[in-house]
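Thanks for making time for this. I would like to walk through one model with you, going from its interior to its open spaces and then to a few single residues.

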Amino acid sequence: MTLRGKVALVTGSTSGIGLGVARALAAEGADIMLNGFGDTDQIEKLREGLSKEFSVKVEYDGADLMKPEQVAAIVEKTRTILGSLDILVNNAGIQFVAPIEEFPDAKWDAILALNLSAVFHAMKAAIPGMKAKKWGRIINIASAHGLVASPFKVAYVAAKHGVVGATKVAAIELANDGITVNAICPGWVLTPLVQQQLEDRVQEFSTDLAIETEKLLREKQPMLKFTTPESVGAMSVFLCSDAAETITGSPITIDGGWLAQ
Ligand code: NAD
C-alpha cells in the first residue's frame, strides 16, 4: 500500500487503459477520482466496487474534457471532495482514421481538444497544489504514436507528439519541485478504442476478427501480443514510487518492440 494517503485523478477511467490505471493506483491505497463517459448505473457499480475492493475513497465526475472549463473544474472538485490532488493521470483520448484530404475538420478539432489541450489544461490546474505540497506525479498516456507516425491518423499522431513535447516542458519546469512528469507510450492495447479499429478493418477487407487482429499486430509490433491495461497500471504505480523519483520527462514505451525498429 505505497500510495495510502495520496489522491489520484485518472481521466477517461470508465474504460480501457484508464480503468486499468485507476485499479492499480487504488490497489496501492490511493483515493481515486474517476472520469469518463458511460452508463450511469454501470459507472456507479464500478465506483462502489473499486472503493469496496481496495478500501479507498472513490468518486466520479463526468466532466467533458474537451471543454477547458470542465477540466479546471474536475481538478478543483478532486481537491475539494478528496482533499488533495497528488497524482494526475491524463488518459482520456479518442481516435479517428482517414486520409488527410478526407479528414473532417470537426474530428481534427475534437482530437486536438481532448488528446492534447485537455492535458495542458489539467496540468495547469494541478501544478500549483502539487508545488505547494512539494510532491506530485503527472503521467500522460501518450502512445507509440507520440514518437512515430502511421498513415491516416494525422490528428492522433500530431496530438500525441504534442503530449510528449508538453511532458518534457513540464518535467523541466518542475524538476526541483518534487514533481515528476512522464509519458507512457503504449503500443497496441486491446480496448474499445482498438476494438473499433479492428471491426472497421473487418468491414473494409471482408475478413474476420482473428485475421485482422493478427495483421494489426504484425504491421507494427515484433511481439504479436497486446499490452494490457494492467501493465500500464503497473508502470504508473512504479512512476509514483520513490524508486522513480528521478525519472522525469521520459516517454516510456510499453510496445512489444514497436519503437525498436
Ligand atoms: P477507451 O476508448 O477504452 O477509453 C477512453 C476513455 O476516455 C473512456 O473512459 C471514455 O469515456 C473517455 N472519454 C472519451 N471522451 C471523453 C471526454 N470528452 N471527456 C472525458 N472522458 C472522455 O480507450 P483506451 O484505448 O483505453 O485509451 C486510453 C488512452 O490510451 C487514450 O489517450 C489513447 O490514445 C491511449 N492509447 C491507447 C492505445 C491502445 O492501443 N488502446 C495505445 C496507445 C495509447
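**Inside and around a predicted model**

Let me begin at a loop: Lys134 sits in the loop that runs between H4 and S5. Before I say more about Lys134, please keep in mind that what you see is a predicted model. The backbone at Lys134 has a positive phi of about 60 degrees, although the residue is not a glycine. As a general matter, most residues other than glycine have a negative phi. Lys134 has a relative accessible area of 49%, and because exposed means over 50%, Lys134 is classed as partly exposed.

There is a second residue of this kind, Phe152, which is not a glycine and yet has a positive phi of about 75 degrees. Phe152 is placed in the loop between S5 and H5, and with a relative accessible area of 46% it is partly exposed.

That loop between strand S5, residues 136–141, and H5 also holds His145. Is His145 buried or exposed? His145 has a relative accessible area of 3%, and since buried means under 20%, it counts as buried. Leaving aside neighbours within four places in sequence, His145 is in contact with Ser150, Lys153, Tyr156, Val157, Lys160, His161 and Trp258. With one of these, Ser150, the side chain of His145 forms a polar contact of 2.6 Å. For a sense of scale, His145 and Ile211 are 66 residues apart in sequence, and their C-alpha atoms are 23 Å apart in space.

Let me turn now to the nonpolar interior. In soluble globular proteins, nonpolar side chains tend to be buried together. In this model the largest nonpolar core has 32 residues, and those with the most contacts inside it are Leu9, Leu65, Leu88, Met123, Ile138 and Val181. At least two residues of this core come from each of strand S1 (7–10), helix H3 (68–82), H4, helix H5 (154–173) and strand S6 (179–186), and the largest share, 9 residues, is supplied by H4. Taking Met123 as an example from that core, and not counting residues up to four places away in sequence, we find that it touches Leu88, Asn90, Ile138, Asn140, Ala166, Ala170 and Val181. There is also a second, separate core of 30 residues, which includes Ile32, Leu50, Val56 and Ile254.

One of the residues touched by Met123 deserves its own moment, namely Asn90. Asn90 lies in strand S4, residues 87–90, and is buried, with a relative accessible area of 4%. What does the side chain of Asn90 make a polar contact with? The partner is the side chain of Asn140, at 2.8 Å. Beyond four places in sequence, the residues that Asn90 touches include Thr11, Ala118, Val119, Ala122 and Ile141.

Asn90 also brings us to the enclosed space, as it is among the residues that line the largest cavity, together with Thr11, Leu65, Asn91, Ala92, Leu114, Asn115, Ala118, Val119, Ile141 and Lys160. The count of cavities of 30 Å³ or more comes to 1, and the largest cavity holds about 70 Å³ of space. Helix H4, residues 105–133, gives the largest share of this lining, with 4 residues, and by class the lining has 6 nonpolar, 4 polar and 1 charged residues.

How does the open space look by comparison? The largest pocket has a volume of about 910 Å³ and is lined by 40 residues, of which Ala92, Gly93, Ile94, Gln95 and Leu193 lie nearest its centre. Helix H1 (16–27), H5 and helix H6 (192–205) are the elements that give two or more residues to this lining, with H6 providing the largest share, 6 residues. By class, the pocket lining is made up of 20 nonpolar, 16 polar and 4 charged residues.

I will finish on helix H3, where two residues can be set side by side. Thr78 lies in helix H3 and counts as buried, at 0% relative accessibility; leaving aside neighbours within four places in sequence, Thr78 is in contact with Val7, Leu9, Met33, Gly83, Ser84 and Leu85. Pro68 is found in helix H3 as well, but is partly exposed, with a relative accessible area of 38%. Pro68 and Ala30 are 38 residues apart in sequence and 26 Å apart in space, C-alpha to C-alpha.

Conventions: Residues numbered from 1 in each chain as written. Predicted model: local features only at pLDDT ≥ 70, side-chain atom pairs only at ≥ 80, totals over all residues. Heavy atoms only, no water. 1 Å grid on protein atoms, 1.4 Å probe; cavity = no way out; pocket = protein on both sides within 12 Å on 5 of 7 lines; lining within 4 Å. Points joined across faces, edges and corners; volume = space filled by probe spheres on them. Nonpolar A, V, L, I, M, F, W, Y, C, P; charged D, E, K, R; others polar. Core = buried A, V, L, I, M, F, W, Y, C linked by side-chain atoms within 4.5 Å. Buried < 20%, exposed > 50% of the residue type's maximum accessible area, 1.4 Å probe, protein only. Contact = heavy atoms within 4.5 Å. Polar contact = N/O pair within 3.5 Å; in protein donor to acceptor, adjacent residues only side chain to side chain.
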